[in-house]
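Here's a quick tour of a fold, for anyone who likes to see how the pieces sit together. Have the viewer open and follow along.

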Amino acid sequence: MAADSSVSRRHAFIGGLCMCCSAALARRTDTSVGPFATHEVAAGIHIRRGVDQDATLTNGGAIANVGFIIGRDAVAVIDPGGSRLDGERLRATVREATRLPVRYVVMSHVHPDHVFGAAAFEADRPQFVGHVRLTRALAVRGEYYRKRLEEILGKDAAGPVVMPTVLVKDRTEIDLGGRVLALTAHGLAHSDCDLSVLDHMTATLLPADLLFVQRIPSLDGSLQGWVKELSALEDLQARRAVPGHGPSSVDWPSGARDLQRYLHILLRETRQAIAGGMDIDTTVQTIGRSERGKWKLFDDYHGHNITQAFKELEWE
Ligand SMILES: [Zn+2]
């Protein structure tokens with residue numbers, strides 16, 4: 001479990017569960033488990049765009065971009081959604097699109113807005129695929145995330161923590177029948193367990209939260225690692241990418257430009273602050289202000305990102 005409440009609160013914040021933004025007293029108007037709208041961003045790749053908010057009762061935790069890829073023989077869900085309800089709606093959307101079996105549910109990383117819909121797919125008996133470090137990350141944080149999500153969405157709405165059944169240590173491929181997806185387990189970056197997917201057939205990259213567009217990124221792994229992993233992804237032969245948050249599809253690699261700029265500013269200005277003897281509180285109040293106005297939810301996450309960066313860089 002998370003060591004103390006302050007650590008836990010940070011984890012919750014990073015996972016898109018900012019309590020200060022939650023409309024816990026609001027009434028959810030849509031309680032149906034019917035399908036939702038998706039965009040077919042490339043042949044057979046269907047993506048639901050999440051709203052640029054933290055999880056609330058009103059949005060039901062449907063804040064991340066999630067979807068599925070249809071092959072000749074089977075379907076891979078790529079991120080099962082932000083709650084049991086979100087997962088159930090995604091499953092209904094898959095069933096509306098195809099009768100093929102859901103053979104894989106890829107869980108891109110530990111954050112609740114991406115993985116809490118997994119329980120909705122257990123009846124399909126898929127392989128739940130995650131980074132080799134995902135099991136431990138879910139063991140440490142999963143129950144805490146579940147409780148916080150339940151506080152927002154109501155009893156039983158969050159869904160149980162589902163553990164991965166297939167772990168990716170470096171790279172692996174999954175075959176949907178005439179359609180091979182390349183999965184890569186990344187080093188510390190957005191989180192400590194980021195898994196990306198590349199669909200060779202359409203040259204579409206699904207990097208989940210390794211790519212934020214329009215919504216400010218949240219740093220929960222390593223700033224230097226994220227810059228490195230993002231640069232490596234930019235070198236891939238991909239035509240488009242599906243961000244974890246933002247539009248359902250962007251051109252690649254140009255779609256990573258804003259994120260790279262933000263991360264480099266954070267890196268450069270945090271190093272300058274540390275070199276100049278600035279303390280962490282002043283640094284949080286001071287740096288990266290040129291990015292304000294360029295990102296949604298800037299005030300909710302930017303200070304936290306600086307704190308993370310400062311702790312990472314102060315001993316280098
Ligand atoms: Zn995330």
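What follows walks through a sheet, a second strand pair, a helix pair and one loop residue.

Keep in mind that this is a predicted model.

Let's begin with the sheet. It is an open one, built from 7 strands in the order β1-β2-β3-β4-β5-β6-β7, and the pairing is mixed. At the edges sit β1 (39-42) and β7 (166-168), each of which pairs on one side only. Going from one strand to the next, the twist averages 25°.

Inside that order, β5 and β6 run parallel and are joined by 3 bridges. If you want a residue pair to click on, try Val105, whose bridge partner in β6 is Phe128.

There's another parallel pairing further along, between β11 and β12, and this one has 4 bridges. Here Ala208 stands opposite Pro243 of β12. Is β12 enclosed or open? Of the 6 residues in β12, 5 are buried, so the strand is largely enclosed by the rest of the structure.

The two parallel pairs, set out together:

| Strand pair | Residue ranges | Bridges |
|---|---|---|
| β5 and β6 | residues 102-106 and residues 127-131 | 3 bridges |
| β11 and β12 | residues 204-212 and residues 240-245 | 4 bridges |

Now for the helices. Two packed helices are described by the angle between their axes and the distance between the axes. For α5 (residues 223-234) and α6 (residues 257-275), the axes come within 10 Å and cross at roughly 150°. Angles over 145 degrees count as roughly antiparallel, and that's why α5 is roughly antiparallel to α6. The crossing itself is left-handed.

Which residues make the contact? From α5 come Leu223, Gln224, Trp226, Val227 and Leu230, while α6 brings Leu259, Gln260, Leu263, His264, Leu266 and Leu267. Sorted by class, the contact of α5 with α6 has 8 nonpolar residues, 3 polar ones and no charged ones.

Last stop: Pro160, which lies in the loop between α4 (134-153) and β7. Buried, exposed or partly exposed, which is Pro160? It has 14 other C-beta atoms within 10 Å, so Pro160 is partly exposed. Leaving aside residues up to four places away in sequence, Pro160 touches Ala119 and Arg146. Gly117 is worth finding too: Gly117 and Pro160 are 43 residues apart along the chain, and their C-alpha atoms are separated by 8.8 Å.

Key
Residues are numbered from 1 along each chain as its sequence is written. This is a predicted model: local features need pLDDT of at least 70, side-chain atom pairs count only at pLDDT 80 or more; totals for chains, interfaces and linings use all residues. Axes are lines fitted to C-alpha atoms, for helices over the stretch in contact, and angles run from 0 to 180 degrees between N-to-C directions. Helices (H or I, at least four residues) and strands (E, at least two) are DSSP runs, numbered from the N terminus. Angles under 35 degrees count as roughly parallel, over 145 as roughly antiparallel, 65 to 115 as roughly perpendicular and the rest as oblique. A crossing is left-handed if the near helix is turned anticlockwise from the far one by less than a right angle, and right-handed if clockwise. Two residues are in contact if their C-beta atoms, placed from the backbone, lie within 7 Å. Ala, Val, Leu, Ile, Met, Phe, Trp, Tyr, Cys and Pro count as nonpolar, Asp, Glu, Lys and Arg as charged, and the others, Gly among them, as polar. Two strands pair if DSSP finds at least two bridges between them. A residue is buried if 20 or more other C-beta atoms lie within 10 Å of its own, exposed if 12 or fewer, and partly exposed in between; C-beta atoms are placed from the backbone.
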